[in-house]
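User: Hi, I'm new to this one and could use a friendly tour. Could you walk me through it?
Analyst: Happy to, let's bring it up.

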Amino acid sequence: MVTVMRIMICDDDAVIRQSLLKMLKLAYTENNLPWEEPKCAASAEELLANISKGQTYDLIYLDIEMPGASGMEAAAQIRTHDRQVQFIFVTSHKDYVYDVFQVMP
C-alpha cells in the first residue's frame, strides 16, 4: 500500500505558493506517484493554527522571512512536539543558510 505524503506550503507570497504547487504537481504526475494537493498557509501563524487543531504533515515548505512570526520561529515550535516532519526552507536571503540547522531541516 502506497501512502500519500501530507505536504504543507507556508509562504506569505501567493506567487511562490502557486509556483511550488505547480512544481510539486508536475513532479508527482511525471513520476506517476499518488497525489494529494498540498495544503497552503499564508503565514506562520496560520500554519501553527492548523497544527494546533491536530493537522500533521510529513513535509513543510516554509518561507523563512514572513510578516509576524518567521518560518524559523514556526519550525522551532513545531520541532518541540514533532521530530518527524521534514522542512524545506524557501528564501531569497542567502544570509539564513546556516541558521536553519538549528531546527534540523
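User: Which residues have the most contacts inside the largest nonpolar core?
Analyst: They are Leu-47, Tyr-57, Ile-60, Leu-62, Ile-78, Phe-87 and Phe-89, in a core of 20 residues. A nonpolar core here is a set of buried Ala, Val, Leu, Ile, Met, Phe, Trp, Tyr and Cys residues joined through side-chain atoms within 4.5 Å. Buried means under 20% relative accessible area, exposed means over 50%, and partly exposed is in between, using a 1.4 Å probe and protein chains only.

User: What should I know about the model itself?
Analyst: It is a predicted model: local features need pLDDT of at least 70 and side-chain atom pairs count only at pLDDT 80 or more, while totals for chains, interfaces and linings use all residues. Residues are numbered from 1 along each chain as its sequence is written, and side-chain values use heavy atoms, with hydrogens and water left out.

User: Back to the core, then. Which elements give two or more residues to it?
Analyst: Those are strand S1 (7–10), H2, strand S3 (59–63), H3 and strand S4 (86–90). Helices (H or I, at least four residues) and strands (E, at least two) are DSSP runs, numbered from the N terminus.

User: What does Ile-60 contact?
Analyst: Beyond its neighbours within four places in sequence, Ile-60 contacts Met-8, Leu-47, Ile-78, Val-85, Gln-86, Phe-87 and Ile-88. Contact means heavy atoms within 4.5 Å.

User: What pattern does the chain follow along the sequence?
Analyst: The pattern is β-α-β-α-β-α-β, with three helices and four strands in total. Of the 105 residues in the chain, 38% are buried.

User: How do H2 and H3 sit relative to each other, parallel or antiparallel?
Analyst: The axes of H2 (residues 44–52) and H3 (residues 71–79) come within 9 Å and cross at roughly 15 degrees. The two helices are therefore roughly parallel, as angles under 35 degrees count that way (over 145 is roughly antiparallel, 65 to 115 roughly perpendicular, and the rest oblique). Axes are lines fitted to C-alpha atoms, for helices over the stretch in contact, and angles run from 0 to 180 degrees between N-to-C directions.

User: Which residues make that contact?
Analyst: H2 brings Ala-44, Leu-47, Leu-48 and Ile-51, and H3 brings Ala-74, Gln-77 and Ile-78.

User: Let's switch to H1. Is Arg-17 buried or exposed?
Analyst: Arg-17 lies in helix H1 and counts as buried, at 15% relative accessibility. Not counting residues up to four places away in sequence, Arg-17 touches Ile-9, Asp-11, Asp-12, Cys-40, Ala-41 and Ala-42.

User: And where is Ala-42?
Analyst: Ala-42 is in the loop between strand S2 (39–41) and H2, and is partly exposed at 33% relative accessible area. Its C-alpha atom is 4.4 Å from that of Asp-12, although the two are 30 residues apart along the chain.

User: What about Tyr-28, buried or exposed?
Analyst: Tyr-28 is buried, at 14% relative accessibility, and sits in H1 (residues 14–30). Leaving aside neighbours within four places, Tyr-28 contacts Met-5, Ile-7, Leu-33, Pro-34 and Trp-35.

User: Last one: what is the phi of Asn-32?
Analyst: Phi is near 55 degrees, a positive value in a residue other than glycine. Asn-32 is in the loop between H1 and S2 and counts as exposed at 72% relative accessibility.
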